[in-house]
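Student: Could you take me through one part of this model closely? I would like a connected account of the loops and strands and of the links that hold cysteines together.

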Amino acid sequence: TICIRRTAADYPLLHCGTLDDGCGGAIGFGSCTGDIEECTVNRCQCKERATKNDDRFRGWECGTHSDGCDGTLDFGNCSATVGGSCVDHVCIQENPAATRWRLVCAAGTPGRWWIREVEFH
């Protein structure tokens, strides 16, 4: 007898898990891509979407992040009043005067440097 194996292409609506190929083997569909998705009957189902109010996003001021279910949470851009850029989801001011370091060499100590003045704004 001839057995014609089925492939994942035969099931375009299935996304995850495995299924019998009709010939004693298995078709692998892979895993769900979202953080909060689970595979139910070979389809990815979102268990619960993340929201911007979740504890793990506390302190975020800007940027985007996955909601865990193939969607995107948008935390916005750094406003013109801040005048900076988004680094690790925090607005950073791009003003060189915002951080100033001055190193001085004390007399009689060649090669030794001390931080004498540090100013943060």
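Tutor: Happily! Let's begin with Val41, which sits in the loop between strand S3 (37-40) and strand S4 (43-46). Keep in mind as we go that this is a predicted model. Val41 has a relative accessible area of 71%, so it counts as exposed, the cut-off for that being over 50%. Its C-alpha atom is separated by 8.3 Å from that of Cys16, a residue 25 positions away along the chain.

From this loop we can step into strand S4 and meet a disulfide, one of five in the structure. Here Cys44 is joined to Cys32, with an S to S distance of 2.3 Å. The link of Cys32 and Cys44 is left-handed, with -100 degrees about the S-S bond. It connects distant parts of the chain: Cys44 belongs to strand S4, while Cys32 lies in the loop between strand S2 (26-30) and S3, 12 residues apart. The two ends fall into separate classes because buried means under 20% relative accessible area: Cys32, at 18%, is buried, whereas Cys44, at 22%, is partly exposed.

Beyond S4, the loop that leads to strand S5 (64-66) holds Cys62, and its partner Cys86 lies in strand S7, so this pair ties together parts that are 24 residues apart in sequence. The sulfurs of Cys62 and Cys86 are 2.1 Å apart. This disulfide is right-handed, because the torsion about its S-S bond is about 90 degrees. Cys62 is buried, at 0% relative accessibility, and Cys86 is partly exposed, at 36%.

Cys86 brings us to a hairpin. Strand S7 (residues 84-87) and strand S8 (residues 90-93) pair in the antiparallel sense, over four bridges. Two residues lie between S7 and S8, and Asp88 in the turn has a positive phi of about 50 degrees. The bridge partner of Cys86 in S8 is itself a cysteine, Cys91.

So which residue does Cys91 join through a disulfide? The answer is Cys78, at an S to S distance of 2.3 Å. The link of Cys78 and Cys91 is left-handed, with -105 degrees about the S-S bond. Cys78 lies in the loop between strand S6 (72-74) and S7, 13 residues from Cys91 in strand S8. Cys78 is buried at 17% relative accessibility, and Cys91 is also buried, at 17%. To put the hairpin together: Cys86 and Cys91 are bridge partners, yet Cys86 has its disulfide with Cys62 and Cys91 has its disulfide with Cys78.

Key. Residues are numbered from 1 along each chain as its sequence is written. This is a predicted model: local features need pLDDT of at least 70, side-chain atom pairs count only at pLDDT 80 or more; totals for chains, interfaces and linings use all residues. Side-chain values use heavy atoms; hydrogens and water are left out. Two strands pair if DSSP finds at least two bridges between them. Buried means under 20% relative accessible area, exposed over 50%, partly exposed in between (1.4 Å probe, protein chains only). A disulfide is a pair of cysteine sulfur atoms within 2.5 Å.
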